[in-house]
Every structure is written in C-alpha cells, then in structure tokens.
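Biologist: I am new to this structure. Please show me how to read its features, one at a time.

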Amino acid sequence: MAAPVAGRTHDRLAFTEAGYDTLPADTPTIGDLGYQGTPAIRPRRKRPGHKTHTPEDEVWNTGIKQIRWAVEQAISHLKNWKILRVCQTSGSDP
C-alpha cells in the first residue's frame, strides 16, 4: 500500500492513490457514499423519484451502519492511547 494521502483528497481518488483498488476482489472494503465507482461496500442511495428507501435498502444500510460504528469506536479507542498520540504528533517512529 502507498503512503496516506492528504485529507482534502476526495474519497474516490484517495481509494485509488492508496492502492486499495488493486486489492483482490474478495477483500471486503467498507466506505460511505463518497466511494461510488469503487468496489467498496457502501450504503444504498434512495431510488430516483422515491422519498424513502425500500425495506431491503433499509436492512442493507442498517448492517453497513453497524459495521462502520464498530470500526469508528475502535479507532476512537486507539486514539486514546498515549503512545499512538505521541507518535502521531512527533512524526517519528517510537
């Protein structure tokens, strides 16, 4: 994998620049709606002309939300560790 990209880079471009588009097809990757056009698993948008999701789309989106919530909680927990905070701010290896 390549080095991280700048924070202002669009999700779709960052996905490609970081090399995630070269992962094998059976490697699950989860993203948000900014990853349209990639093989990432993402929430479904409302169908054109509809004001609500179909029941199937609601179930799909709920599953994606639960997975993303767990990942965000894990990342948040890691950010509380002092060693990671020191490495992040110093820019050097521990």
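Modeller: Start with contacts. Two residues are in contact when heavy atoms lie within 4.5 Å. Keep in mind that this is a predicted model. Among contacts in the protein chain between residues at least 6 apart in sequence, 18% join residues at least 24 apart.

Biologist: What is the secondary structure of the protein chain?

Modeller: Three helices and zero strands. Along the sequence the pattern reads α-α-α.

Biologist: How do I check the span of a helix such as H2?

Modeller: Count 1.5 Å times one less than the number of residues. H2 has 25 residues, so its expected span is 36 Å. Its end C-alpha atoms are 36 Å apart, which agrees.

Biologist: How much of the protein chain counts as buried?

Modeller: First the cut-off: buried means under 20% relative accessible area. Of the 94 residues in the protein chain, 14% pass that test.

Biologist: Which residues of H2 are buried?

Modeller: Asp57, Asn61 and Ile64. Take Asp57 as the worked case. Its relative accessible area is 1%, so Asp57 is buried.

Biologist: Asp57 has an acidic side chain. How many salt bridges does a search of the whole structure find?

Modeller: The general idea comes first. Side chains of opposite charge can pair when their charged atoms come close. The cut-off here is 4 Å, from a side-chain nitrogen of Lys or Arg to a carboxyl oxygen of Asp or Glu. The search of the whole structure finds two such bridges.

Biologist: Which side chain meets that of Arg44 in a salt bridge?

Modeller: That of Asp57, at 3.2 Å from N to O. Arg44 lies in the loop between H1 and H2 and Asp57 in helix H2, so the pair ties together parts that are 13 residues apart in sequence.

Biologist: And with which residue does Arg47 form a salt bridge?

Modeller: Also with Asp57; the closest N and O atoms are 3.1 Å apart. This pair links distant parts of the chain, with Arg47 in the loop between H1 and H2, Asp57 in helix H2, and their positions 10 residues apart. Put the bridges together and Arg44, Arg47 and Asp57 form a linked network.

Biologist: Are Arg44 and Arg47 buried, exposed or partly exposed?

Modeller: Use the cut-offs again. Partly exposed falls between 20% and 50%. Arg44 has 35% relative accessibility, so Arg44 is partly exposed. Arg47 has 39%, so Arg47 is partly exposed too.

Biologist: What else is Arg44 in contact with?

Modeller: Set aside neighbours within four places in sequence. Arg44 then touches His53, Glu56, Asp57, Trp60 and Asn61. Look at Glu56 in that list. Arg44 and Glu56 are 12 residues apart in sequence, and their C-alpha atoms are 9.8 Å apart in space.

Biologist: Now for empty space. How much lies in the largest pocket?

Modeller: Rolling a probe the size of a water molecule over the atoms shows where empty space is left. In this model, the largest pocket holds about 650 Å³.

Biologist: Which residues line the largest pocket nearest its centre?

Modeller: Tyr20, Ile30, Gly31, Tyr35 and Ile75, out of 21 lining residues. The elements giving two or more residues to the lining are helix H1 (11–17) and helix H2 (55–79). H2 gives the largest share, with five residues.

Biologist: How do the lining residues divide by type?

Modeller: Into 13 nonpolar, four polar and four charged.

Biologist: Gly31 was one of the residues nearest the centre. Where is its place in the chain, and is Gly31 buried or exposed?

Modeller: Gly31 sits in the loop between H1 and H2. Its relative accessibility is 5%, so Gly31 counts as buried. Leaving out neighbours within four places in sequence, Gly31 is in contact with Ala40, Ile41, Arg42, Pro43 and Arg68. Gly31 and Arg12 are 19 residues apart along the chain, with 9.9 Å between their C-alpha atoms.

Biologist: One more case, please. Where is Thr38, and what does Thr38 touch?

Modeller: Thr38 is in the loop between H1 and H2. Its relative accessible area is 9%, so Thr38 is buried. Not counting residues up to four places away in sequence, Thr38 touches Arg12 and Phe15.

Note on methods
Residues are numbered from 1 along each chain as its sequence is written. This is a predicted model: local features need pLDDT of at least 70, side-chain atom pairs count only at pLDDT 80 or more; totals for chains, interfaces and linings use all residues. Side-chain values use heavy atoms; hydrogens and water are left out. On a 1 Å grid over the protein atoms alone, a cavity is a set of points where a 1.4 Å probe fits but cannot get out, and a pocket is an open set with protein on both sides within 12 Å along at least five of seven lines; lining residues have an atom within 4 Å of a point. Grid points are joined across faces, edges and corners, and a volume is the space filled by probe spheres set on the points. Helices (H or I, at least four residues) and strands (E, at least two) are DSSP runs, numbered from the N terminus. Ala, Val, Leu, Ile, Met, Phe, Trp, Tyr, Cys and Pro count as nonpolar, Asp, Glu, Lys and Arg as charged, and the others, Gly among them, as polar. Buried means under 20% relative accessible area, exposed over 50%, partly exposed in between (1.4 Å probe, protein chains only).
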